[in-house]
Structure formats: structure tokens, C-alpha cells
Amino acid sequence: QERVMQKRKGIDVGKCMLFFGARYKQEWLYRDEFEGYEAEGVLQMHTAFSREQARKIYVQHRIVEAGNDVAEKMLNQGGHFYVCGSARQVPEDIYTAMKEVM
């Protein structure tokens, strides 16, 4: 929200990538808000809904798919990376995906 307000005031804000995963689309929290931010050019969404198709797709798959963009932001544009979610297998899988794209 802060970045959106800054952009609306004409302040230059860097690109923000958000990877959101859930089992089903109906679990997509803040969908309308995020889609609005994406329309304003503040946010780039990457979603992974693992139970919406035959082959399960998770956030780590989306990170690898966007690997060049992720690496550019992290290595050359001073990007930051935060992980939220299950404390079980997810962090290790995300870490593995990040190592692959870096």
C-alpha cells in the first residue's frame, strides 16, 4: 500500500514481484487489491494454485519460470526476498528454486 501511495504521488518506486500460492483460486487473499496494484504498474503477480490443474504447480515453479527477472532484481537492482507460509517443506523448496535461478 505504501508503494502504491508513493507511485500515485509521482515518487519513483522499484518493481515489486509477488509470488502467491494456494491450493485453489478461491483462497487467493486480497486478489482485487493485488490486481489493482498490478494494473497500476506497481506489482507483478505470479500465482500458483496447486489443485486447479492435473499437474500441481507451486510457487517454487513460478520462481523458476520467472528466473531471469528474479535474478536481475536480486543481483543487479538491490532486490529483497521474503518468504511467508508453511514452516514445513515450503521454505526448503523455495530456497532450492532461488538457488537455481541465481
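Is W28 buried or exposed? In this predicted model, W28 counts as buried, at 12% relative accessibility, and the surroundings of this residue offer a convenient entry to the arrangement of the chain as a whole.

The chain contains five helices and two strands, which follow one another along the sequence in the pattern α-β-α-β-α-α-α. The C-alpha trace spans about 40 × 30 × 20 Å along its principal axes, and of the 102 residues of the chain, 28% count as buried. Among the contacts with a separation of 6 or more, 64% are accounted for by residues 24 or more positions apart.

The two strands, β1 and β2, pair in the parallel sense, and seven bridges join them. Between these strands the chain passes through α2, and the resulting β-α-β crossover is right-handed. Within the strand pair, A22 is found opposite F49 of β2, a residue that also takes part in the aromatic contacts described next.

Four aromatic pairs were found in a search of the whole structure. In one of these, W28 and F49 adopt a tilted arrangement, with 5.5 Å from centre to centre and 50° between the planes. This pair links distant parts of the chain, since W28 is situated in the loop between β1 (16–22) and α2 (31–39), whereas F49 belongs to strand β2 (residues 43–49), and the two are 21 residues apart. Like W28, which is buried at 12% relative accessibility, F49 counts as buried, with a value of 5%. A second pair, that of Y30 and F34, is edge-to-face, with a centre-to-centre distance of 6.2 Å and an angle of 70° between the planes. The two partners of this pair differ in their burial: Y30 is exposed, with a relative accessible area of 57%, while F34 is buried, with a relative accessible area of 18%. In addition, F20, W28 and F49 together form one aromatic cluster.

The backbone at Y30 also deserves mention. Y30 is placed in the loop between β1 and α2, and its phi is near 60°, a positive value in a residue other than glycine. In general, most residues other than glycine have a negative phi.

Buried nonpolar side chains are gathered in separate cores. The largest nonpolar core has twelve residues, namely M17, F19, A48, I57, V59, I63, A66, V70, I94, A97, M98 and V101. Two or more residues of this core are supplied by each of β1, α3 (59–65) and α5 (90–101), and the largest share, four residues, comes from α5. For V70, a member of this core, the contacts beyond its neighbours within four places in sequence are with M17, F19, I63, M98 and V101. Apart from this core lies another, of ten residues, which includes W28, F34, L43 and M45; W28 and F34 are thus found both in this second core and in the aromatic pairs with F49 and Y30, respectively.

A charged residue is likewise found in a buried position. K73, which lies in helix α4 (residues 67–76), is buried, with a relative accessible area of 12%. When its neighbours within four places in sequence are left aside, K73 is in contact with K15, M17, G78 and G79, and M17 is in turn one of the residues of the largest nonpolar core.

With regard to cysteines, the structure holds zero disulfides. C16 is in no disulfide, and the nearest cysteine sulfur, that of C84, is 12 Å away; C84 is likewise in no disulfide, its nearest cysteine sulfur being that of C16. The distance of 12 Å may be set against the cut-off of 2.5 Å for the two sulfur atoms of a disulfide. The two residues also differ in accessibility, as C16 is partly exposed, with a relative accessible area of 27%, whereas C84 counts as exposed, at 74% relative accessibility.

Terms used: Residues are numbered from 1 along each chain as its sequence is written. This is a predicted model: local features need pLDDT of at least 70, side-chain atom pairs count only at pLDDT 80 or more; totals for chains, interfaces and linings use all residues. Side-chain values use heavy atoms; hydrogens and water are left out. Buried means under 20% relative accessible area, exposed over 50%, partly exposed in between (1.4 Å probe, protein chains only). Rings of Phe, Tyr and Trp (its six-membered ring) pair if their centres lie within 6.5 Å; planes under 30 degrees apart count as stacked, over 60 as edge-to-face and the rest as tilted. Two strands pair if DSSP finds at least two bridges between them. A crossover is right-handed if, with the strands pointing away from the viewer, the path from the first strand over the helix to the second runs clockwise. Contact means heavy atoms within 4.5 Å. A nonpolar core is a set of buried Ala, Val, Leu, Ile, Met, Phe, Trp, Tyr and Cys residues joined through side-chain atoms within 4.5 Å.
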